[in-house]
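Me: I am new to reading protein models. Please walk me through one part of this one in detail.

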Amino acid sequence: GDFVPEWRWPAPDESWSLLKADVSKAHRRIKVKAKDWKYQIAKLDGEYWVNKVGTYGMASAQLYWGRLAAALLRLMYWIFPSVDWLFVFVDDFAWLLRHTTAQPLATAILATLEALGVPFSWKKTVLSTANIWLGFVIDTITPSLHMAASRHVIVIQLLTKLANGDVFTRKGIEQAPGRVQWATAACPLA
């Protein structure tokens, strides 16, 4: 069966820190079998290009990367049982760590994943009590969650245009449902 960690709210004198890390070019690191290359050919300016690795946006790339990411997630829970929560969305990982042990635990987690060959985008790796992850600010002290200011502005402009009955471009119509869905997706879970 799957390992399901026991979650518990921290004691009143405890707090959390959030460690976030982004896997660099996650989908492109998944090798595709030669027999399946025929499904990944593009023709540009009369030349054929064969993609021999996963390509973001292709279902097969997410299938295989998603399986690897899930395996890493389970492995981290098994190796580090003191981690309360571990999240993964595509190639973005986040760990909710007890503040008292966050620094050594974050170091151990990142060192373990580095030893396994997980390529991080180090400029996006952060450990703090308030952090932006997937466009949402997660404050572990409060605890609270809200949209990052830059994303909030975009969503408010969109909703204002809708309320005013303004005309949308075709591209605007294509983007609007996804943006509104994204803005509200965290609410039921938060």
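What percentage of the 190 residues in the chain is buried? After that, please look closely at helix H1 (residues 59-79) and what its buried residues pack against.

Reply: Buried residues make up 34% of the 190 residues in the chain. Buried means under 20% relative accessible area, exposed means over 50%, and partly exposed lies in between, with a 1.4 Å probe and protein chains only. Two notes on reading come next. This is a predicted model, so local features need pLDDT of at least 70 and side-chain atom pairs count only at pLDDT 80 or more, while totals for chains, interfaces and linings use all residues. Residues are numbered from 1 along each chain as its sequence is written, and side-chain values use heavy atoms, with hydrogens and water left out.

Here is the setting. The chain has 4 helices and 9 strands. Helices (H or I, at least four residues) and strands (E, at least two) are DSSP runs, numbered from the N terminus. Read from that end, the order is β-β-β-α-β-β-α-β-β-β-β-α-α. Among contacts between residues at least 6 apart in sequence, 59% join residues at least 24 apart. A contact means heavy atoms within 4.5 Å.

Now for H1. Helix H1 has 21 residues and should span 30 Å at 1.5 Å a residue. The expected span is 1.5 Å times one less than the number of residues. The end C-alpha atoms of H1 are 30 Å apart, which agrees.

Which residues of H1 are buried? They are Ala61, Trp65, Ala69, Leu72, Leu73, Met76 and Tyr77. These residues cover an arc of only 135 degrees around the axis, which puts them on the same side of H1. The arc is that of the directions from the helix axis to the C-beta atoms. An α-helix has 3.6 residues a turn, so residues three or four places apart point the same way. On the other side of H1, Ala59, Arg67 and Trp78 are exposed.

What does the buried side meet? The buried residues of H1 pack against strand E4 (85-89), strand E5 (92-98) and helix H2 (102-115).

Take the two strands. E4 and E5 run antiparallel and are joined by 5 bridges. Two strands pair if DSSP finds at least two bridges between them. E4 and E5 form a hairpin, with 2 residues between them. Phe89 has Asp92 in E5 as its bridge partner. In the turn, Val90 has a positive phi of about 55 degrees. Most residues other than glycine have a negative phi, and most peptide bonds are trans.

E5 has another partner. It is joined to strand E1 (residues 16-22) by 7 bridges, and E1 and E5 run antiparallel. Asp22 stands opposite Asp92 in E5. E1 is mostly covered, with 7 of its 7 residues buried. One side of E1 holds Trp16, Leu18, Lys20 and Asp22, the other holds Ser17, Leu19 and Ala21, and all are buried. In a regular strand the side chains alternate between the two faces of the sheet. E1 also pairs with strand E6 (residues 126-128), antiparallel, over 3 bridges. Leu18 stands opposite Ser128 in E6.

How do H1 and these strands come together? Look at the largest nonpolar core, which has 25 residues. A nonpolar core is a set of buried Ala, Val, Leu, Ile, Met, Phe, Trp, Tyr and Cys residues joined through side-chain atoms within 4.5 Å. Val83, Leu86, Phe93, Trp95, Leu97, Ile109 and Leu113 touch the most other members of the largest core. E1, H1, E5 and H2 are the elements that give two or more residues to this core.

Phe93 is a good residue to click on. Neighbours within four places in sequence are left aside here. Its contacts with H1 include Trp65, Ala69 and Leu72. Among its other contacts are Leu19, Lys20 and Ala21 in E1. Leu86, Phe87 and Val88 in E4 also touch Phe93. There is also a second, separate core of 6 residues, including Trp16, Leu96, Trp133 and Ile138.

To sum up, H1 has a buried side and exposed residues on the other. The buried residues pack against E4, E5 and H2.
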